Amino acid sequence: MKYFLLFCMLGFNFLLSQKIEWKPDRKLIWENFKSIKNNLGNPDIVAYTHCGWEYLVITSSNLKVPVKVDIQTIFNEDKSWKDDKRINDYILIHEQKHFDIAEIHARKLRKEVAEKIKNTPDFKKYFNSIYSKISSEYKNYQAEYDRETKHGMNKEKQSEYNVKISEDLEKLNNYQKL
């Protein structure tokens with residue numbers, strides 16, 4: 001019963017917070033970008049995708065009970081924005097790739113968790129360092145992506161990244177959330 005209540009509370013929170021979970025067949029649309037404020041202060045940026053991960057952990061005092069770590073990639077509509085006067089389908093693809101990069105790193109996180117964390121003591125010992133490492137890689141990848149594609153304006157680099165991101169997702173396909 002307590003897990004049902006926890007699930008209901010999480011589901012209710014998910015609905016209220018205007019978050020979209022990453023799914024291979026669900027692509028972002030401009031209507032998902034609901035914030036009206038450009039917090040970056042850079043007038044050259046046409047849109048901003050606020051995405052990342054959320055996780056839920058169920059541990060036990062019984063060392064024989066496996067720990068459960070549920071990791072999901074989310075897009076936050078209320079913190080993502082666009083300049084309505086300058087958006088187009090090409091820029092939307094660039095923003096979708098930011099969301100896809102978050103999923104790549106969620107899969108890396110799921111992979112490491114699956115390989116190294118079996119029970120509550122493992123979780124306590126390893127999770128923070130695994131999370132920090134993957135989080136750092138994620139931030140660096142996102143920054144490199146924007147720098148090299150010039151926020152999507154370098155069409156050749158954007159095309160290269162589109163392929164690379166698709167390949168990276170495919171390589172980690174066994175770690176997508178089902």
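Is D100 buried or exposed?

1. In this predicted model, D100 belongs to helix α2, which spans residues 89–116. D100 has a relative accessible area of 2%, and since buried means under 20% relative accessible area, D100 is therefore classed as buried.

2. As to the surroundings of D100, once its neighbours within four places in sequence are set aside, the residues in contact with D100 are W22, I165 and L169.

3. The sheet on which the helices are placed below is an open one, built from three strands in the order β1-β4-β3 with antiparallel pairing. Its edge strands, each of which pairs on one side only, are β1 (19–21) and β3 (51–58), and from one strand to the next the twist averages 40 degrees.

4. Concerning the pairing of β1 in more detail, this strand and β4, which covers residues 68–76, are joined in the antiparallel sense over three bridges. Within that pairing, K19 has N76 of β4 as its bridge partner.

5. Turning to the helices, α2, the helix in which D100 is found, lies across β1, β3 and β4, and runs at about 175 degrees to β4. Helix α3, made up of residues 120–149, also packs on the sheet, where it touches β3 and β4, and the direction of α3 makes about 170 degrees with that of β3.

6. For a colleague looking at the structure, the points may be read together as follows: D100 is a buried residue of α2, and α2 is a helix that lies across β1, β3 and β4, while β3 and β4 are also touched by α3.

Definitions and conventions. Residues are numbered from 1 along each chain as its sequence is written. This is a predicted model: local features need pLDDT of at least 70, side-chain atom pairs count only at pLDDT 80 or more; totals for chains, interfaces and linings use all residues. Side-chain values use heavy atoms; hydrogens and water are left out. Helices (H or I, at least four residues) and strands (E, at least two) are DSSP runs, numbered from the N terminus. Buried means under 20% relative accessible area, exposed over 50%, partly exposed in between (1.4 Å probe, protein chains only). Contact means heavy atoms within 4.5 Å. Two strands pair if DSSP finds at least two bridges between them. Axes are lines fitted to C-alpha atoms, for helices over the stretch in contact, and angles run from 0 to 180 degrees between N-to-C directions.
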